[in-house]
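The following note concerns the ligand site and the pocket around it. The points are numbered for ease of reference.

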Amino acid sequence: MHWPVPGKRLDTWRAMEHLLETGKVRAIGVSNYMVRHLDELLARTESPPAVNQIELSPYNWASRRAVLDLCAANHIAVEAYSPLTKGRQLADPPLVAMAGRHGKTTAQVLIRWALQKGFIVLPKSTRPQRIAANADVFDFDLTDKDMAALDALDQGLTTGWDPTNAP
Ligand SMILES: NC(=O)c1ccc[n+]([C@@H]2O[C@H](COP(=O)([O-])OP(=O)(O)OC[C@H]3O[C@@H](n4cnc5c(N)ncnc54)[C@H](OP(=O)(O)O)[C@@H]3O)[C@@H](O)[C@H]2O)c1
């Protein structure tokens, strides 16, 4: 389910649960579910989502800590969309400096941050070279100090519609 649409989401979820029970699908999940939407789903339906896909990057993750904790407590995988901030923060000086220290691009550092947080990462590029580079993130590690520095970049940035207060 792409969005927590008011008035429709429980019926839609129950229809998806039927698909799961009848073996037509192997897993069902949600996107843009914040705490209130997940609380409702967990309290009023049978199957927890396998995954919740939400916007996540160092520039907004801290303001989403509550939903991340709720997902962790309920074994819901977290998938990070727009992990490259739609390109907006790729020239941010602290990020550029860190990428330089690792001999990597700023996009690779953001993807590596998300992986080390335990998220599934969903970056997008239309360019084959960038797609390949964005997947080339398994030959380096961010240190604890790097992770802490990236964690400190939060500024509540959302590049799309923010579902936090959606009814
Ligand atoms: N569930 C939802 O509601 C939701 C909402 C938004 C997005 N998404 C999904 O999340 C995925 C990614 O999100 P997104 O496209 O919004 O943002 P993103 O992955 O954070 O950023 C994509 C932008 O970054 C550029 N880019 C990619 N790799 C780069 C690199 N190595 N160096 C420099 N620039 C680079 C791309 O340009 P080029 O193409 O020119 O490389 C594009 O402009 C998409 O598949 C999208 O469908 C889901």
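1. Which ligand atom lies 2.8 Å from a polar side-chain atom of glutamine 53? In this predicted model, the partner of that glutamine 53 side-chain atom is a nitrogen atom of the ligand.

2. Oxygen atoms of the ligand also take part in polar contacts. A polar backbone atom of threonine 126 is found 2.8 Å from a ligand oxygen. For arginine 130, a polar side-chain atom is placed 2.8 Å from an oxygen atom of the ligand. The protein buries 75% of the 900 Å² that the ligand exposes when taken alone.

3. The surrounding shell deserves a separate remark. There are 22 residues around the ligand, and those that come nearest are Gln53, Ser82, Leu84, Ser125 and Arg130. By class, the shell comprises 10 polar, 8 nonpolar and 4 charged residues.

4. As to location, the ligand takes up the space of the largest pocket. The volume of this pocket is about 490 Å³.

5. The lining of the largest pocket consists of 20 residues. Leu84, Lys86, Gly87, Lys124 and Ser125 are the lining residues that lie nearest the pocket centre. Two of these names, Leu84 and Ser125, also appear among the residues that come nearest to the ligand. The lining divides into 8 nonpolar, 8 polar and 4 charged residues.

6. Which helices each supply at least two residues of the lining of the largest pocket? They are α5, spanning 106-116, and α6, spanning 128-135. The largest share of the lining, 3 residues, is contributed by α6.

7. For a review of the site, the polar contacts with glutamine 53, threonine 126 and arginine 130 may be read together with the pocket in which the ligand is placed.

Definitions and conventions:
Residues are numbered from 1 along each chain as its sequence is written. This is a predicted model: local features need pLDDT of at least 70, side-chain atom pairs count only at pLDDT 80 or more; totals for chains, interfaces and linings use all residues. Side-chain values use heavy atoms; hydrogens and water are left out. A residue is near a molecule or strand if one of its heavy atoms lies within 4 Å of it. A polar contact is a pair of N or O atoms within 3.5 Å; within protein, one must be able to donate a hydrogen and the other to accept it, and residues adjacent in sequence count only if both atoms are side-chain atoms. Accessible areas come from the Shrake-Rupley method with a 1.4 Å probe; for residues, only the protein chains shown count as cover. On a 1 Å grid over the protein atoms alone, a cavity is a set of points where a 1.4 Å probe fits but cannot get out, and a pocket is an open set with protein on both sides within 12 Å along at least five of seven lines; lining residues have an atom within 4 Å of a point. A molecule sits in a cavity or pocket if more than half of its atoms lie within 2 Å of its grid points. Ala, Val, Leu, Ile, Met, Phe, Trp, Tyr, Cys and Pro count as nonpolar, Asp, Glu, Lys and Arg as charged, and the others, Gly among them, as polar. Grid points are joined across faces, edges and corners, and a volume is the space filled by probe spheres set on the points. Helices (H or I, at least four residues) and strands (E, at least two) are DSSP runs, numbered from the N terminus.
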